[in-house]
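Here is a quick walk through some strands, a loop and a few charged pairs. Have the model open as you read, and look up each residue as it comes along.

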Amino acid sequence: MALNLKPISGTANRVIVEPAAAEEKTASGIYIPDTAKEKPSKGTVVSVSDEDSEGKKPTVKVGDVVLYGKYGGTELPIDGKDYLIMRENDIYAVVQ
Amino acid sequence: MALNLKPISGTANRVIVEPAAAEEKTASGIYIPDTAKEKPSKGTVVSVSDEDSEGKKPTVKVGDVVLYGKYGGTELPIDGKDYLIMRENDIYAVVQ
Amino acid sequence: MALNLKPISGTANRVIVEPAAAEEKTASGIYIPDTAKEKPSKGTVVSVSDEDSEGKKPTVKVGDVVLYGKYGGTELPIDGKDYLIMRENDIYAVVQ
Amino acid sequence: MALNLKPISGTANRVIVEPAAAEEKTASGIYIPDTAKEKPSKGTVVSVSDEDSEGKKPTVKVGDVVLYGKYGGTELPIDGKDYLIMRENDIYAVVQ
Amino acid sequence: MALNLKPISGTANRVIVEPAAAEEKTASGIYIPDTAKEKPSKGTVVSVSDEDSEGKKPTVKVGDVVLYGKYGGTELPIDGKDYLIMRENDIYAVVQ
Amino acid sequence: MALNLKPISGTANRVIVEPAAAEEKTASGIYIPDTAKEKPSKGTVVSVSDEDSEGKKPTVKVGDVVLYGKYGGTELPIDGKDYLIMRENDIYAVVQ
Amino acid sequence: MALNLKPISGTANRVIVEPAAAEEKTASGIYIPDTAKEKPSKGTVVSVSDEDSEGKKPTVKVGDVVLYGKYGGTELPIDGKDYLIMRENDIYAVVQ
């Protein structure tokens, strides 16, 4: 999780997410079956931008487990790991 | 209804809704026949975001029975139950 | 007209309208022939949202007879009656 | 011109216009030949909304003779007469 | 140039322009050859709206010779003369 | 460069540019080869509008050598010379 | 890196980027394999605009190593080198 990349926020905050391994069942007990249509994906936030151009700070923070849309974000493969960079708005919910 | 998920509000508030069982007739006496075109669906709010990026608090609250558009929201299957996450704007009305 | 449903106003106010019976000629003497192209429809407001996200209160009130676009609103069949839920902006005019 | 209908202004002011008889040559001497492409139409304002959602009052008033786009407005046939309801923005100019 | 028509400004100022005769070479010495792609047209402003909905006054005034896009404006044939009504934004430049 | 034309700024500032002769290598040493995809063009600003509708003054000034998109602007052939009128936003950069 | 070009900021800040040589592995250890879909590119900022039309200063500065979308920016070939000019918003992240 020591990622030396800082997302740039333009008109919206951006975050970098490390997707969870497929089929995983987290400690929080949330399990997402494969049969779901437009199944949201799960991952961990590893880097967040500073506030966006309107001064709004990101809501999520590094370490948060989040659900996001299957088509959210852009692939960011770094040093053999696959990350996603996305607008914070592409994140649906935070596991609490 | 103990859902450990908090929706993220971006430019709009989001809510998680647990759809009502089909054909159900609630205590409020509202019955929605199958013959309706673009029949709105009914459900119960189980989680709501904090205020959106413009500081507007959600209007609905956990426990509200709501009607929403048939195509509103994204499926969110969790632990065997089917939830929907949607923008509050996709909700038409609250049963009172 | 005792409808236990409250519309949610998002970015715009919403109202629930009970359409008038077809071909009806109201006390106000307004008669809309069938030959009109894109004939507006007539109905009675039965429920209105609170102010919208910009603090604007609805202009119409419960009991108002209104004209609205033929394609305005979403069908809302409840207990055997057909209602329409629409943005207040879909209403053209109020009969006075 | 005693029309018991008040337009609703949403995001824009609305007016009800009674179209002039075709080929008419008004006292103001403005004559619009048939050969014009996208010929603007002429009519008389018979009802105007109150100020729109941003507090802007309509510029035209009841009795104004106006030119408007051929495709502006929605037909509003009432008691045998053909009116048009349109956004004030669909009006090009006022005859002075 | 005694035109008894006042443009309505909605979200943008509007002007009425009397197009210059084709191929004309004005006193200002500006000559626009026929071979130009998307050749701008030249005309004289004969009527302008009052300030638009945001309080901005028009920049051009009656009598200004202006260049405007070939597809700008709507034809406004009045009393045998061909005028154009357009948004001030459709005007490119003023001859000085 | 004595051009008696003043661009109108609407929602954006406009400038008139005299394109540089093709293949030219300027004193600034900037040379743009023909093989570039979507090669930006180079030219000299000959006239600029006053501030736009939001009060923003243009950034470029008469005499600036600028790079602009190949498809930016509208042709403005005047007295045998080919000018371009464009939004200031169509200009990428100023040679310094 | 002595580039005598200053980007113009319109509604958004612009930067000029010198793309990194392909397949390079920087000191920061970030390596982007070829197999990535929509692989972001890496480069060095060589020139930035002043603040944009809303007074927002650019977040990146000359010398920053940045990741940007494969389709971001416009080619700007100067004196035999290939630069890209892009909106700051097309930059995803800064290597730290």
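Strand E7 (residues 91-95) of chain C and strand E1 (residues 5-7) of chain D run antiparallel, joined by three bridges. Bear in mind as you look that this is a predicted model. Within that pairing, C:Val94 has D:Lys6 in E1(D) as its bridge partner. E7(C) also pairs with strand E4 (residues 65-68) of chain C, again antiparallel and again through three bridges. There, C:Leu67 stands opposite C:Ala93. How many of the five residues of E7(C) are buried? Five of the five are, so the strand counts as mostly covered, given that buried means under 20% relative accessible area.

As background, strands of a sheet pair through backbone hydrogen bonds, and they can do so in a parallel or an antiparallel way.

Now hop over to chains E and F. Here you can follow an open sheet of seven strands, paired antiparallel, in the order E5(E)-E6(E)-E2(E)-E3(E)-E4(E)-E7(E)-E1(F). Which strands stand at the edges? They are strand E5 (74-78) of chain E and strand E1 (5-7) of chain F; each has a single partner strand, so one side of each is left without a neighbour in the sheet. Going from one strand to the next, the twist averages 40°.

Inside this sheet, strand E4 (residues 65-68) of chain E and strand E7 (residues 91-95) of chain E pair in the antiparallel sense over three bridges. If you want a spot to zoom in on, try E:Leu67, which stands opposite E:Ala93 in E7(E).

Next, a loop. In chain A, the stretch between strand E4 (65-68) and strand E5 (74-78) is where you'll find A:Tyr71. Is A:Tyr71 buried or exposed? With a relative accessible area of 68%, A:Tyr71 is exposed, because the cut-off for that class is over 50%. A:Tyr71 and A:Pro40 are 31 residues apart in sequence, and their C-alpha atoms are 8.8 Å apart in space.

On to the charged pairs. Side chains of opposite charge can pair when their charged atoms come close. Over all chains, a search of the whole structure finds 28 salt bridges. Three of them are set out here, with the N to O distance for each.

| Lys | Acidic partner | N to O distance |
|---|---|---|
| A:Lys81 | A:Glu18 | 3.2 Å |
| D:Lys81 | D:Glu18 | 3.3 Å |
| G:Lys61 | G:Asp64 | 3.1 Å |

Take the pair in chain A: A:Glu18 lies in strand E2 (residues 14-19) of chain A and A:Lys81 in strand E6 (residues 81-87) of chain A, so the salt bridge ties together parts that are 63 residues apart in sequence. A:Glu18 is partly exposed at 22% relative accessibility, and A:Lys81 is partly exposed at 39%.

In chain D, D:Lys81 sits in strand E6 (residues 81-87) of chain D and D:Glu18 in strand E2 (residues 14-19) of chain D, so this pair ties together parts that are 63 residues apart in sequence. D:Lys81 comes in at 40% relative accessibility, partly exposed; D:Glu18, at 22%, counts as partly exposed.

What about the pair in chain G, G:Lys61 and G:Asp64? G:Lys61 is exposed, with a relative accessible area of 53%, whereas G:Asp64 counts as buried at 11% relative accessibility.

How values were computed
Residues numbered from 1 in each chain as written. Chains lettered and ligands numbered in written order. Predicted model: local features only at pLDDT ≥ 70, side-chain atom pairs only at ≥ 80, totals over all residues. Heavy atoms only, no water. Pairing = 2+ DSSP bridges. Helix = DSSP H or I, 4+ residues; strand = E, 2+ residues; numbered from the N terminus. Axes fitted to C-alpha atoms, helices over the stretch in contact; angles between N-to-C directions. Buried < 20%, exposed > 50% of the residue type's maximum accessible area, 1.4 Å probe, protein only. Salt bridge = Lys/Arg side-chain N within 4 Å of Asp/Glu carboxyl O.
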